[in-house]
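Me: I've got a model open here and want to check the labels people put on it. Can we go through them one by one?

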Amino acid sequence: MGYDLNKEIKEAINAGENALRSLKEAQKYLNSAGNWGLVDIFGGGFFTDMIKHSKINNARQCMEAARQDLRSFQRELNDIDEYIPNIDVGDFLTFADFFFDGFLADVFVQSKISDAKRNVEDAIFRVQNLVSRLRQELR
């Protein structure tokens, strides 16, 4: 059985879509945590803290799922890298590991929540672009 490039591209698209779902779920919780963090700064109390930390914990779980999904996406991109030029896969996982490790270490600081939100948005943008390019290759 030979190498089926279309099959590999479809697998990469599927992995990219899984990563996007995880990233968007994390984005949702980070937005909520950020909002509760602002409430906390401007006079929240015990219940505000509880809600904020619950959202942060949910975001942390989603970020871990996103890390795994991004690793899978990276593996699938590596399978097709030599057949589709100019898909930069070299630093994607490094970016993801750096970002997620930093996020988990500093998650309780409001400015880090904002940084995490920007980084998730960037990751979503990058994955969407790669998935879009992969779809074009199938045509």
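Reply: Sure. Starting with patches: a nonpolar patch joins nonpolar side chains within 5 Å, from residues with over 30% relative accessible area and no salt bridge. Keep in mind that this is a predicted model. Here L38, I41 and F42 make such a patch, about 360 Å² of surface.

Me: Why is F42 called exposed?

Reply: Exposed means over 50% relative accessible area, and F42 has 71%, so the label fits. F42 sits in the loop between α1 (5-41) and α2 (46-80).

Me: What makes R135 and E17 a salt bridge?

Reply: The cut-off is 4 Å between a side-chain nitrogen and a carboxyl oxygen. Their N to O distance is 1.9 Å, so the pair counts. R135 is in helix α4 and E17 in helix α1, 118 residues apart, so this one links distant parts of the chain.

Me: And why is R135 only "partly exposed"?

Reply: Partly exposed runs between the 20% and 50% limits; R135 is at 38%, so it lands there. E17, at 24%, gets that label too.

Me: What about E64 and R67: why is R67 called buried?

Reply: Buried means under 20%, and R67 is at 10%, so it qualifies. Its salt-bridge partner E64, with N and O 3.5 Å apart, is partly exposed at 33%.

Me: How do you know that the span of helix α4 agrees with its length?

Reply: At 1.5 Å a residue, its 29 residues (110-138) should span 42 Å, and the end C-alpha atoms are 42 Å apart, so the two agree.

Technical notes. Residues are numbered from 1 along each chain as its sequence is written. This is a predicted model: local features need pLDDT of at least 70, side-chain atom pairs count only at pLDDT 80 or more; totals for chains, interfaces and linings use all residues. Side-chain values use heavy atoms; hydrogens and water are left out. Patches are made of residues with over 30% relative accessible area and no salt bridge: like charges are joined within 9 Å, nonpolar side chains (Val, Leu, Ile, Met, Phe, Trp, Tyr) within 5 Å. Accessible areas come from the Shrake-Rupley method with a 1.4 Å probe; for residues, only the protein chains shown count as cover. Helices (H or I, at least four residues) and strands (E, at least two) are DSSP runs, numbered from the N terminus. Buried means under 20% relative accessible area, exposed over 50%, partly exposed in between (1.4 Å probe, protein chains only). The expected span of a helix is 1.5 Å times one less than its number of residues.
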